[in-house]
Amino acid sequence: MTDHGIAAEKRWRIGEVPWRDEEPFPPHARVLVDNDFSGDPDDLFQIVHQVLTPTLEIRGVICSHLRDGDPWAGDGDSAADAVAVARDVFARMGLLSDELILKGASAALGSADAPQDSEAARAIIAEAMRDDTDLPLFYLAGGGLTDLASAYLIEPRIASRLTLVWIGGAEHDGLAVPPLNAMPIEYNLLIDITAGQVLFDAHDLEIWQIPRDVYRQCLVSEAELRRRVAAAGPLGRHLYVEIRQIMALGRMPESYALGDSPLVLVTALRSTFEPDSTSSPYVVKPTPQLTAEGAYRPMNGTRPMRVYTSVDQRLMFEDFYLKLEEFEAWQAS
């Protein structure tokens, strides 16, 4: 046995699917995954779903920081803590791909022209500037945007060579209203407002945004987590316990938002013909500027961006539950 009791013959690498009898379809896109894994545990569900989805070629898992004073953060380096969490998930899954785990910047941008150089920023640039593949590149961000903004400030040419899919930002006027007692600045944007401003102003960068009103739709019940996730096996039990501990702190213990899961949905679970995330509606609008207060300043003539208005939760969560069940059955065999 090795880490977390995983038998040596059950070790595998990202891109492999030893729990399936048939060969997977080849990947249709590359992805860089960026999340603050030491924060809200919904990111654990996203990364597990991501690595169980071989039609996306994972080129890096970027472990990003939380904001100063965040209640999720400890007293140390939250990006380093995120690395430890990501490595733990990989160990629990028997994954031998730790080289893909990259530490991001430890702090937000100090200004709009001063990048936070890091291992992650340099890896983003290297992947975006590749000329040996035709696979499109998606940057999947479930937290702040420091590392992508830093990479862009170091090498602006990357903007036209990838698509940012971001879980974050407030509601758009005419599409939704903020929740009751909403944070004045949406949580993920607040991690690094300057980084958000840099990327919204990057005129060559295509953005697909899943704002607060949409990621809050991704509710699962405690019973669902207990019967569909915890019952699947040790990995599912770990995911369930991480969520249940947070539920116990609140006053609404019957449900939880797995708000980072749309990153997998809109990039992997697409229609076969005329490929797109057809079951998750969106609008296309000129990219606004972001103000220091986290609001949108409408702009005319800017490049278009996608703003999702809903996500297909049935497809997203059923795909996750079934893949988790298959994987846990293989590990137990």
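This note comments on three paired strands and on the nonpolar cores of a predicted model.

1. Strand β2, residues 56-63, may serve as the starting point. Six of its eight residues are buried, and the strand is therefore described as mostly covered, where buried means under 20% relative accessible area.

2. On one pairing of β2: strand β1 (residues 29-35) runs parallel to β2, and seven bridges join the two. Within this pairing, N35 has C63 of β2 as its bridge partner. Between β1 and β2 the chain passes through helix α1, residues 42-51, in a β-α-β crossover that is right-handed.

3. On a further pairing of β2: strand β3 (residues 101-103) is parallel to β2 and is joined to it by three bridges. C63 appears here again, with K103 as its bridge partner in β3. The connection from β2 to β3 leads through helix α2 (residues 78-93), and this β-α-β crossover is likewise right-handed.

4. Attention now turns to the nonpolar cores. In soluble globular proteins, nonpolar side chains tend to be buried together. The largest nonpolar core in this model comprises 62 residues, and W12, V51, M93 and L225 have the most contacts inside it. Helix α11, residues 313-332, gives the most to this core, contributing seven residues.

5. Which residues is M93 in contact with, leaving aside its neighbours within four places in sequence? They are W12, V48, V51, L52, L235, F327 and Q331.

6. Another core, of 37 residues, lies apart from the largest one. I158, L162, V198 and V307 are among its members.

How values were computed
Residues are numbered from 1 along each chain as its sequence is written. This is a predicted model: local features need pLDDT of at least 70, side-chain atom pairs count only at pLDDT 80 or more; totals for chains, interfaces and linings use all residues. Side-chain values use heavy atoms; hydrogens and water are left out. Buried means under 20% relative accessible area, exposed over 50%, partly exposed in between (1.4 Å probe, protein chains only). Helices (H or I, at least four residues) and strands (E, at least two) are DSSP runs, numbered from the N terminus. Two strands pair if DSSP finds at least two bridges between them. A crossover is right-handed if, with the strands pointing away from the viewer, the path from the first strand over the helix to the second runs clockwise. A nonpolar core is a set of buried Ala, Val, Leu, Ile, Met, Phe, Trp, Tyr and Cys residues joined through side-chain atoms within 4.5 Å. Contact means heavy atoms within 4.5 Å.
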